[in-house]
Amino acid sequence: MNLKRLFFQPAFLFLPLFSAFSQQLTVDQKVADLLSRMTLEEKIGQMNQYNDDWIATGPVTLDADKAGQIRNGQVGSLLNCVGTARTRKWQEEALKSRLKIPLLFGQDVIHGYKTTFPIPLAESCTWDPELLKKSARVAAVEASSAGIHWTFAPMVDIARDPRWGRVMEGSGEDPYLGSLIAAARVTGFQGTLGSTDGIMACAKHFAAYGAAVGGRDYNTVDMSDYLLWNVYLPPFLAAKNAGVATFMNSFNDLNGVPATGNAYLQRYILKGRWKFDGFVVSDWGSIGEMINHGSVKDGYEAALSAVTAGSDMDMESRSYKNHLATLVKEGKVPVALIDEAAGRILKKKFELGLFDDPFRFCDPEREKKALSNPDHARLAREVAAKSIVLLKNEGEILPVPESVRKIAFIGPLVKAVKQNKGFWDVEVPGVDSSFIVSQWQGLVNRAGADRLLYAEGCKIEGTDKSGFPEALRVAEAADVVVVSIGERRDLSGEAKSRANITLPGVQTDLVLELLKTGKPVIVLINAGRPLVFPELSAKAPAILYTWWLGSEAGNAIADVLFGTVNPSARLTLSFPVSVGQIPIYYNYYNTGRPATTDSNRFYNSSYLDESIWPKYEFGYGLSYTTFAYSDLKLDRKELDAGGKITVTLKVTNTGKRAGTETVQLYLRDKVASMVRPVKELKDFAKVTLAPGESQTVTFLITDEKLAFYNARLEFAAEPGEFDLMIGASSRDIRLKESFTRN
Ligand code: NOJ
């Protein structure tokens with residue numbers, strides 16, 4: 001074969017030659033080599049992400065010829081494309097493009113793929129990052145088997161406002177716990193990136209999205225750098241340090257600049273100070289939405305603003321596709337910027353091994369196996385049981401004694417199936433709902449159908465009380481009444497803000513009627529956010545906050561109701577007494593006129609008509625046993641720069657059942673160059689003890705625990721006195737000491 005003929009051979013004949021050559025290169029060299037062979041349009045194509053038309057998680061734009069654009073190398077990634085059959089179909093199209101660059105398939109795998117774990121806020125109440133690493137791992141094993149390369153998780157937004165529907169997706173209000181969980185989830189999802197079951201994680205939404213004014217989704221955010229760096233950014237930094245492959249912009253503007261076009265966030269902080277080397281994807285349409293914000297005039301200016309600020313991939317707005325080439329040709333955007341963005345994306349494709357085998361995540365056999373692995377359901381059940389928070393247990397009516405003859409299981413959520421998955425579940429093609437264990441089924445499995453009585457009582461919403469008489473009749477015939485009420489699963493989530501975070505419909509009335517029977521009533525509250533339920537917290541003897549527990553909800557609830565699992569979850573988001581208290585959070589500043597009790601309101605920072613305290617505070621949660629704290633010791637009371645103090649204390653199980661306590665360590669920097677919070681969680685330990693058993697818990701105090709971002713945004717500890725508080729919650733402080741840092 002002469003050279004000329006060789007030159008005109010189809011490209012695939014060169015592939016073995018190229019891949020042998022490319023194996024000698026580093027990933028960066030492979031990226032540079034590929035970029036050198038790409039046209040400007042092909043590079044911009046890599047920066048363009050479309051929704052597959054199958055499902056939508058945002059306002060859809062239909063493209064006339066998506067397949068044609070993919071074949072032309074104009075698309076780098078698809079989202080909402082799941083299952084081996086569908087991902088294979090689109091990947092085959094991508095391989096018809098000139099350079100055969102494979103597509104990336106991204107998906108919101110937020111709390112499980114098929115096996116659905118509790119919503120992330122519920123999971124965070126386990127205070128168990130290692131466990132959450134495992135649940136993220138299972139999600140990745142399942143999703144990767146179904147063709148997915150990339151999850152848009154974890155959501156690491158700190159949130160202080162339960163009206164915001166997206167609190168369900170995060171880990172609550174605390175930056176320390178939030179950071180540990182962010183890192184754990186990233187590690188769990190990604191496993192070893194490059195293996196076939198590690199998927200790229202995405203820290204979102206960058207940044208400060210959780211501080212939307214009034215808890216209204218997508219709303220504006222105005223925030224000091226001091227608050228941003230000390231409270232809202234730490235979980236993002238933790239995700240970055242854990243090696244997260246991608247970040248996602250947030251929808252909000254931050255101090256007048258939309259996050260998507262915000263160079264301070266992306267260029268200065270993320271890619272500058274933090275040296276993040278993955279890529280940034282916009283949120284759905286957020287590049288184009290800068291027009292609505294009023295920070296740009298049109299798509300052309302939007303593309304310029306976003307790419308300059310550091311957004312590498314355009315999810316669904318088409319601004320990059322429509323305008324970047326012109327911007328480059330006009331000299332407004334340097335080619336180097338395009339190379340940087342496309343290069344970051346291509347690098348991940350190389351690292352995932354997609355150039356070696358574009359279908360390595362797409363194996364129907366593996367998919368079948370992964371989606372029916374009984375270990376996954378077992379883990380989901382464990383995580384779910386550990387996510388249930390016991391808010392009240394008067395007269396120790398829980399756990400339900402084995403000897404109970406008849407249990408009335410009443411309420412609109414008893415027999416619901418899909419509701420248990422909560423928001424942001426994944427609709428897996430070809431999988432029906434039969435794998436979800438309803439609450440009814442869970443109790444049948446545990447107690448047997450012949451011990452159970454059922455009445456729906458009412459619907460979640462609406463004013464219809466016609467089911468009450470039947471519910472009362474059923475309650476009268478039972479020894480114990482369990483009522484399952486709550487929100488609809490889609491009353492929390494994206495675009496699901498609520499101004500009134502009460503229990504919908506007549507559900508409260510139903511419980512109040514049932515209480516009149518004099519039977520012991522246990523209330524299960526299913527929700528994606530903290531709700532306000534003053535009458536029930538006053539009158540119901542037992543309340544379990546179940547959140548949305550996922551596909552093993554029924555079994556997990558039965559485990560806790562009957563005491564097979566002793567509840568150990570602790571709240572990660574404060575529950576307000578009333579909406580007027582919001583935002584309410586434990587790590588507030590003291591003010592010049594601090595209120596310390598509700599009885600001293602005279603010229604103090606308080607309300608005339610409401611408590612200053614939450615109903616249930618951060619770190620709160622009961623157990624079926626009790627714990628005593630004693631013997632707090634610090635090995636020294638002074639700390640030099642770079643030194644450490646060893647803190648020890650004794651925890652004893654003083655009740656009659658084995659149980660797990662979450663021992664919480666809070667610090668307060670008493671005088672500093674900036675006002676510091678009244679307390680900040682800086683460590684915790686989970687201790688499992690048999691009745692009567694004691695254990696010594698040890699914590700280390702180092703400069704890192706004392707440091708904060710000061711007015712110059714340096715992370716440093718300052719000399720002075722610190723209070724150290726050991727608590728069973730952020731309010732229930734059991735032991736106190738103080739020490740000095742020199
Ligand atoms: C918008 C949401 O804000 C984001 O979290 C999600 O990943 C994308 N839509 C894609 O569904």
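How many residue pairs are in polar contact between domain 1 and domain 2, with both at pLDDT 80 or more? The count is 2. A polar contact is a pair of N or O atoms within 3.5 Å; within protein, one atom must be able to donate a hydrogen and the other to accept it, and residues adjacent in sequence count only if both atoms are side-chain atoms.

This is a predicted model: local features need pLDDT of at least 70, side-chain atom pairs count only at pLDDT 80 or more, and totals for chains, interfaces and linings use all residues. Residues are numbered from 1 along each chain as its sequence is written, and side-chain values use heavy atoms, with hydrogens and water left out.

**View 1. Domain 1 (387-581) and domain 2 (627-741).** The bounds come from an automatic or database domain assignment. Taken over C-alpha atoms, the domain centres are 35 Å apart. In contact (heavy atoms within 4.5 Å) are 5 residues of domain 1 and 9 residues of domain 2.

**View 2. The area buried between domain 1 and domain 2.** Buried area is the accessible area (1.4 Å probe) that two parts lose on being put together, summed over both. Here it is about 490 Å². Carbon and sulfur atoms give 36% of it. On the domain 1 side, Asn 566, Ser 568 and Arg 570 supply 78% of the area buried against domain 2, more than any other three residues.

**View 3. The salt bridge between Arg 570 and Glu 661.** The two side chains meet at 2.7 Å, N to O. The rule asks for a side-chain nitrogen of Lys or Arg within 4 Å of a carboxyl oxygen of Asp or Glu. It finds 1 salt bridge across this domain interface.

**View 4. The ligand and its surroundings.** A shell of 13 residues surrounds the ligand (a heavy atom within 4 Å). The closest are Thr 57, Asp 108, Arg 166, His 205 and Asp 283. Side-chain N or O atoms of Thr 57 and Asp 108 lie 2.5 Å and 2.4 Å from an oxygen atom of the ligand. For a polar side-chain atom of Lys 204, the distance to a ligand oxygen is 2.8 Å.
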